[in-house]
Amino acid sequence: RSEQAQAREREEREAARLQEAWERLCPPIYRDTDPLRLPCSRGVRETVLGWHYGPKGLLLHGPTSSGKSRLVYLLLSRLHHLEHRKIAALTSTTLSHQIATLFGEGSGRGEAFIGRLADLEVLFLDDIGKGRFTDRVEAEFFHVIEQRRANLLPTLMTTNLTGEALRSTWSPDRAQPLVRRLREFFLAVPVLPATPTSKSEVPQ
């Protein structure tokens, strides 16, 4: 076989590997999103989809069904297929379930899970604030955010809440440090229906 044919086969294998990995990462409901049909403004789309890899992550906040998760998965598609970033994506409820299950086993799997979330190039946490975290989950969540901040690794998050509503989902002793991390380490992006530009509300 010619070198050209061998190179083509390698490219095809790599494309298939990337697609298989993407299908494990991205839920089917988000795979065929058309960015032009999302209800948010063009400015919001450009801000999110134009995000460049770096230590400052994104915090998308807005009402249910405003397209927050779809926007992030569109961004993750670029980071995965074109930039080949190592990514983990999970919902707030999955995070809680995994921490409760893995730490409950007492086999070191919980620590390994948290260590992986802390070290990946990109972490996406979807729907933060949907249900109150237990003390253990909150402690591990704070640890992951703190470690990623220290190592200049970006985190992407979505939430339906802003300001005091988001703060109230955390315990009093961790709420203010978490809010400080959000303000320092995230660009807050309001995802609202296409209207005149809204100001970003970061928890105070």
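The exercises below work through the sheet and the helix contacts of a predicted model.

**Exercise 1.** Describe the order of the strands in the open sheet and state which strands stand at its edges.

*Solution.* Begin with the order, which for this open sheet of five strands is β2-β3-β4-β1-β5, with parallel pairing. Next, look at the two ends of that order, where β2 (87–91) and β5 (186–190) each have a single partner strand, so that one side of each is left without a neighbour in the sheet. Finally, consider how the sheet turns: from one strand to the next, the twist averages 15°.

**Exercise 2.** Follow strand β3 (residues 122–126) and work out how it is joined to β2 and β4.

*Solution.* Take the β2 side to start with, where β2 and β3 run parallel and are joined by five bridges. Two positions help to find this pairing in the structure: A88 stands opposite L123 in β3, and T91 stands opposite D126 in β3. Then turn to β4, which runs parallel to β3 and is joined to it by three bridges; here F124 stands opposite L156 in β4.

**Exercise 3.** Decide whether the residues of β3 are buried or exposed, and say which way they point.

*Solution.* The cut-off needed here is that a buried residue has under 20% relative accessible area. Five of the five residues of β3 are buried, so this strand is largely enclosed by the rest of the structure. Sorting them by direction, V122, F124 and D126 point one way from β3, while L123 and L125 point the other way, and all are buried.

**Exercise 4.** Find the strands touched by helix α4 (residues 92–105) and those that helix α8 (residues 172–185) lies across.

*Solution.* Helix α4 packs on the sheet and touches β2 and β3, and its direction makes about 95° with that of β2. Helix α8 lies across β1 (57–61), β4 (155–159) and β5, and runs at about 85° to β5.

**Exercise 5.** Describe how helix α1 (residues 3–25) packs with helix α3 (residues 68–81), and classify the residues that make the contact.

*Solution.* The axes of α1 and α3 are 11 Å apart, and the two helices pack at an angle of about 150°. Because angles over 145 degrees count as roughly antiparallel, α1 is roughly antiparallel to α3. The handedness comes next: α1 passes α3 in a right-handed crossing. The contact is formed by L18, Q19, A21, W22 and L25 on α1, and by Y73, L76, S77, H80 and H81 on α3. Divided by class, the residues of this contact are six nonpolar, four polar and no charged.

**Exercise 6.** Carry out the description for helix α5 (residues 109–119) and helix α6 (residues 135–150), and then place R116.

*Solution.* The axes of α5 and α6 cross at roughly 35° and come within 8 Å, and their crossing is right-handed. On α5 the contact is made by I114, L117, A118 and D119, and on α6 by E140, H143, V144, Q147 and R148. The classes in this contact of α5 with α6 are four nonpolar, two polar and three charged residues.

R116 lies in α5, and since its relative accessibility is 45%, R116 counts as partly exposed. To place this residue against another part of the chain, note that R116 and I99 are 17 residues apart in sequence and, from C-alpha to C-alpha, 13 Å apart in space.

Conventions:
Residues are numbered from 1 along each chain as its sequence is written. This is a predicted model: local features need pLDDT of at least 70, side-chain atom pairs count only at pLDDT 80 or more; totals for chains, interfaces and linings use all residues. Side-chain values use heavy atoms; hydrogens and water are left out. Axes are lines fitted to C-alpha atoms, for helices over the stretch in contact, and angles run from 0 to 180 degrees between N-to-C directions. Helices (H or I, at least four residues) and strands (E, at least two) are DSSP runs, numbered from the N terminus. Angles under 35 degrees count as roughly parallel, over 145 as roughly antiparallel, 65 to 115 as roughly perpendicular and the rest as oblique. A crossing is left-handed if the near helix is turned anticlockwise from the far one by less than a right angle, and right-handed if clockwise. Contact means heavy atoms within 4.5 Å. Ala, Val, Leu, Ile, Met, Phe, Trp, Tyr, Cys and Pro count as nonpolar, Asp, Glu, Lys and Arg as charged, and the others, Gly among them, as polar. Buried means under 20% relative accessible area, exposed over 50%, partly exposed in between (1.4 Å probe, protein chains only). Two strands pair if DSSP finds at least two bridges between them.
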